[in-house]
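Q: I am new to this structure and would like to learn how to read its features one at a time. Could we begin with the way the chain is divided, and then go on to its empty spaces, its helices and its unusual backbone positions?

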Amino acid sequence: MIPTIEWHGQQIRMIDQRKLPSKIEWHICKGYKDVIKAIEKMVIRGAPAIGVAAAMGMAIGARAIHAKTTAAFIARFKEIGEEMVHARPTAVNLRWAVERMRGLAEGMADHPLDEIKAFLRQESEKILAEDIENNRKMGMHGQGLIPKGATVLTHCNAGSLATGGYGTALGVIRAAHEKGKKIQVIADETRPWLQGLRLTAFELMEDGIPVSVIADNAAGYLMRQKKVDLVITGADRIAANGDVANKIGTYQVAVLAKTHNIPFYVAAPLSTIDSTIKNGDMIPVEQRGPEEIYRFGKLQIGPSGVMALNPAFDITPAKYVSAIITEKGVIRPPFKKGIENLLDDRDLSG
Ligand code: MRU
C-alpha cells in the first residue's frame, strides 16, 4: 500500500485522497498553512491520518519561526497550534497531536532553538510510526472477534489511507484476512464523499480481500437477509462514556445492527478517546457545505436553489456498541470504567 503521508526532504507529501482511485497523486505541503488547507479540503482525511498531518504541519511550522528567544518561539508555536486545531473540529486526534507537539516544545524550553525544531520533526515521525504500530496491535486484538468465513460490513474508510498505515477497522479486517479466515467485506459507499466506494474498496481490492460495495440505504435489507455477520467501523472521537462520533450514517448502521442482533464493533486508538468529554452530545459535529450533497464532482445533480443539510459525522450512543478495540485490548460495556483503566495505563506507560 502506498504511504498516506510522509516527509519528503523538507516538505510533507500526502496522497491526494480526493483523486483516488482514478489518480494516485502526491500533494505537496511546504508550510503549515498548506497542511491546514489540505486537512480542510479533504486531501487527507480520517482521524488518525489528520493527527499525523497536524504533527508534521506543526514541525514544518516550527522550522519557519524566526524568533530571538525560546519564549517568543513557543508563543508563536502555540499560535500555529491554535490555527491547526480548527482545521476540522470532530476528530480529536488533531488536537491530541497538536498538544503532544506543544508539550514537547515546552518541555525543551532550555534547549537551543535548532535542537527543539529537530526534535519536533522527529516527534512527528514518531507519531506516524506509533500510529502504524498501534493499528497492527488493534488488528491483532480485534481479529479474534471475527469468525472464520464472516461477512463484515464497514462504513466510510478506516483503512491505511485514514491512518499512518494499515488502518483501524480495516486493520482488524486485514489481520483476520492474514490469519486465513476467508472473510468478505461489505463496504457502504458512504455518501457524500464516497470514502467506502473510492477508498475502502480500493484498499481491500489491492490486498485481495473480497469486497462488495453497497448503496448506504441497502444495509438494513442485507442485515435482514442475514447477509451481515458483524459490523466494524473506525471513530473520530469517543467520549468518556463510550459514545462514538464517526462518519455520518454510522448511527443508523449501529441501530440496524442492534435490531438484527449483529455485533457492532468500533476500532480506534487511544488518541481518539476524549476523556474530557462526558458523552457524545458534547462532541462538535462538523457541518460541511450543501454543494457536497447536490453536486456530484462538478456536476449539479439537484434542482437549482435546492437546500441541503450536510452533517459530516454522527454520534452512536454507547448502548449500540458491542466492543471497542484499541491498541491496548478490547473493552466491553459498560465502557466508562474500561476507558478509565485504559487511559490510566496510557499515562503510566506514556
Ligand atoms: O470525513 P472523513 O473522511 O475524515 O471521515 C473519516 C471517518 O469518519 C473515519 O471512519 C474515522 O476517521 C476513522 S479513520 C481510522
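A: Domain bounds, to begin with, come from an automatic or database domain assignment. For this chain the assignment gives domain 1 (5–135) and domain 2 (137–343), and the centres of domain 1 and domain 2, taken over C-alpha atoms, are separated by 25 Å. Contact means heavy atoms within 4.5 Å, and the contact takes 27 residues from domain 1 and 36 residues from domain 2.

Q: What should I keep in mind about the origin of the model and its numbering?

A: This is a predicted model, in which local features need pLDDT of at least 70 and side-chain atom pairs count only at pLDDT 80 or more, while totals for chains, interfaces and linings use all residues. Residues are numbered from 1 along each chain as its sequence is written, and side-chain values use heavy atoms, with hydrogens and water left out.

Q: How is empty space found, and what volume does the largest pocket have?

A: Rolling a probe the size of a water molecule over the atoms shows where empty space is left. On a 1 Å grid over the protein atoms alone, a cavity is a set of points where a 1.4 Å probe fits but cannot get out, whereas a pocket is an open set with protein on both sides within 12 Å along at least five of seven lines, and lining residues have an atom within 4 Å of a point. Grid points are joined across faces, edges and corners, and a volume is the space filled by probe spheres set on the points. Here the largest pocket holds about 650 Å³ of space.

Q: Which residues lie nearest the centre of the largest pocket, and how do its lining residues divide by class?

A: Helices (H or I, at least four residues) and strands (E, at least two) are DSSP runs, numbered from the N terminus. Of the 18 residues lining the largest pocket, Trp193, Glu291, Glu292, Arg295 and Gly297 lie nearest its centre, and the elements that give two or more residues to this lining are α10 (291–294) and β12 (295–296). For classes, Ala, Val, Leu, Ile, Met, Phe, Trp, Tyr, Cys and Pro count as nonpolar, Asp, Glu, Lys and Arg as charged, and the others, Gly among them, as polar. The lining of the largest pocket divides into 4 nonpolar, 3 polar and 11 charged residues, and at least three residues come from each of domain 1 and domain 2.

Q: How many cavities of 30 Å³ or more are there, and what lines them?

A: The count by this rule is 2 cavities of 30 Å³ or more. The largest cavity has a volume of about 160 Å³, and among the 20 residues that line it, Arg45, Gly46, Ala47, Asn157 and Asp236 are the closest to its centre. Its lining has 10 nonpolar, 6 polar and 4 charged residues, and each of domain 1 and domain 2 supplies at least three residues to it. The second largest cavity, of about 30 Å³, has a lining that includes Met42, Pro192 and Trp193.

Q: What is notable about the backbone at proline 192 and methionine 42?

A: The peptide bond from arginine 191 to proline 192 is cis, with omega near 0°, and proline 192 is in the loop between β5 (184–188) and α7 (195–206). Methionine 42 has phi near 70°, a positive value in a residue other than glycine, and is found in the loop between α1 (32–40) and α2.

Q: How do α2 and α3 cross?

A: Axes are lines fitted to C-alpha atoms, for helices over the stretch in contact, and angles run from 0 to 180 degrees between N-to-C directions. A crossing is left-handed if the near helix is turned anticlockwise from the far one by less than a right angle, and right-handed if clockwise. The axes of α2 and α3 (residues 70–85) come within 10 Å and cross at roughly 145°, and the crossing is right-handed. The contact is made by Ala54, Gly57, Met58, Gly61 and Ala62 of α2 and Phe73, Phe77, Ile80, Gly81 and Met84 of α3.
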